[in-house]
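Please study the sequence and the three-dimensional model shown below. The exercises concern contacts between charged side chains.

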Amino acid sequence: FKANIMEELRANDVEIYTFPTDDETVAEVNKDMNDMMPFAVVGSREDVKVGETVVRGREYPWGVVEIENELHCDFVKLREMLIRTNMEDLREVTHRKHYELYRRGKLKQMGITDDGAHPVSLQETYEQKRAEHLDELQRIENEMRQNFVNKVREKDLELKRNEKELAAKYEGLRKENNEEKKRLDEERKKLEDDLAAIKKKREDLERANAEHANGQNTKSKKK
């Protein structure tokens, strides 16, 4: 079963961790453990009673799987290999390989290429990008503030321009009103003068008629 799983992993180019065999002190045991991979591990946090003994395991209808029984699963082997035998190697591989891949991936996302010859500090890059981002935010803020000031200035100029136009329009209307009033006063005065002249003519005509009538009466009396 394990051989079939390993064959599937190799066929699909799936890389898995293998215990190092270059250290003579652990080479033999690591080689044996590599031959046993992949490990079949069962986990549990429950205590199960098996006969007179309480063990950590999983209870099923068909029986109990004991976590620390090497005949049942590979939990003990995995624990020994990771925590006791190969902890330092695991830490080194994690830092040298997995963290480096993560670090370079993050730098690539930031647009920075790290060829490995001149390592780039992720912290320094972060601080640099953060400073650039803050500068960009400050630039945008200054630009927005300047745009706001410009818009306020333009609005103020527009209001002043409209105010001047309204004042000029009011002055024009006032002048037109004064001229119209002056013209109406002149027409009224002319009309009053014409009425006065007509009245005077009528009075003169009435006086002339009265004198003519008196003269006719006087002639009649003499006859």
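Three exercises on salt bridges follow, each with a worked solution.

The model is a predicted one. It holds 20 salt bridges.

**Exercise 1.** Determine how far apart the closest N and O atoms of D47 and R56 are, and whether D47 is buried or exposed.

*Solution.* Step 1: the closest N and O atoms of D47 and R56 are 3.0 Å apart. Step 2: a salt bridge requires a nitrogen within 4 Å of a carboxyl oxygen, so this criterion applies to the pair. Step 3: D47 has a relative accessible area of 54% and is exposed, since exposed means over 50%. Step 4: R56, at 39%, counts as partly exposed.

**Exercise 2.** Locate the two residues of the salt bridge between R79 and E68 in the chain.

*Solution.* Step 1: in this salt bridge, the closest N and O atoms are 3.4 Å apart. Step 2: R79 belongs to helix α3 (residues 75–85), whereas E68 lies in the loop between β3 (63–66) and α3. Step 3: the two residues are 11 residues apart, and the pair links distant parts of the chain. Step 4: R79 is partly exposed at 28% relative accessible area, while E68 is exposed at 52%.

**Exercise 3.** Explain why E136 and R139 are separated by about one helical turn.

*Solution.* Step 1: both residues lie in helix α5 (residues 122–222). Step 2: they are separated by about one helical turn because they are 3 residues apart in that helix. Step 3: they form a salt bridge, with the closest N and O atoms 2.5 Å apart. Step 4: E136 is partly exposed at 35% relative accessibility, and R139 is partly exposed at 42%.

How values were computed:
Residues are numbered from 1 along each chain as its sequence is written. This is a predicted model: local features need pLDDT of at least 70, side-chain atom pairs count only at pLDDT 80 or more; totals for chains, interfaces and linings use all residues. Side-chain values use heavy atoms; hydrogens and water are left out. A salt bridge is a side-chain nitrogen of Lys or Arg within 4 Å of a carboxyl oxygen of Asp or Glu. Buried means under 20% relative accessible area, exposed over 50%, partly exposed in between (1.4 Å probe, protein chains only). Helices (H or I, at least four residues) and strands (E, at least two) are DSSP runs, numbered from the N terminus.
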